[in-house]
Amino acid sequence: MLLRKNISSFSDRELLEHYRKSGKSDYFGELYNRYIPLIYGLCLKYLGQPEKAQDAVMQLFEELMPKVGRYEIEEFRTWVHSVARNHCLQLLRREQREIPLDFISSFMELQEIVHLLDGEEEDEEKLTALRLCVEKLHEKQRRAIEYFFIKEMSYADIADATGYEPVRVKSYIQNGKRNLSICIKKELK
């Protein structure tokens, strides 16, 4: 049995490498446990019921443990978020339930920002441009963008956290995206 203290200090990448080499579930278990709050929150948003969200988190663990070694995973957090989202969408399709529109729209808005970063420039250049441009935004736009895209909060949650009117939150995000787009294009030229 591996000492919990030792593996808890490993980075995500190290845990993945050790799991791939050894096949010991402790490594994957440690890695997965780090992201259970993220996965559970995402599943709860999509599925709407705590019991279903808990079941989805456990199903994902059971399904991913034997499969994870076959994937090229650069950033585990991003990868597991995407896999969890797709898993929830599959569950909703099986139940023939509607997929909440606000999740689709927030995903599409995120894709617009990601699309800005596509191209031939090096990844580090893109991230530097994005960081610089986010810092240049007006404070309300920057906060709304960070809450929406990084913390994945809904418009209502952002309004509660910031005290902004819900209608203003949407405006700050839209204007912030437009300003980011303009700024990133300038920075990458």
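**Exercise 1. Which residue follows H10, and what is the sign of its phi?**

Solution. Start at the end of helix H10 (helices are DSSP runs of H or I, at least four residues, numbered from the N terminus). Next comes Gly 163, with a positive phi near 85°. This is a predicted model, in which local features need pLDDT of at least 70, side-chain atom pairs count only at pLDDT 80 or more, and totals for chains, interfaces and linings use all residues. Residues are numbered from 1 along each chain as its sequence is written, and side-chain values use heavy atoms, leaving out hydrogens and water.

**Exercise 2. Find the buried residues of H10 and say what they pack against.**

Solution. Buried means under 20% relative accessible area (1.4 Å probe, protein chains only). In H10, residues 155–162, this picks out Ile 158, Ala 159 and Thr 162. Their arc around the axis, taken from the directions from the helix axis to the C-beta atoms, is only 100°, so they sit on the same side of H10. These buried residues pack against H9 and H11.

**Exercise 3. Is Tyr 164 buried or exposed, and which residues does Tyr 164 touch?**

Solution. First, locate Tyr 164 in the loop between H10 and H11. Its relative accessible area is 11%, so Tyr 164 is buried. Now look for contacts (heavy atoms within 4.5 Å). Not counting residues up to four places away in sequence, Tyr 164 touches Glu 139, Lys 140, Arg 143, Ala 159, Val 169 and Tyr 172. Finally, compare Tyr 164 with Ala 144: they are 20 residues apart in sequence and 9.3 Å apart in space, C-alpha to C-alpha.

Notes:
Buried means under 20% relative accessible area, exposed over 50%, partly exposed in between (1.4 Å probe, protein chains only). Helices (H or I, at least four residues) and strands (E, at least two) are DSSP runs, numbered from the N terminus.
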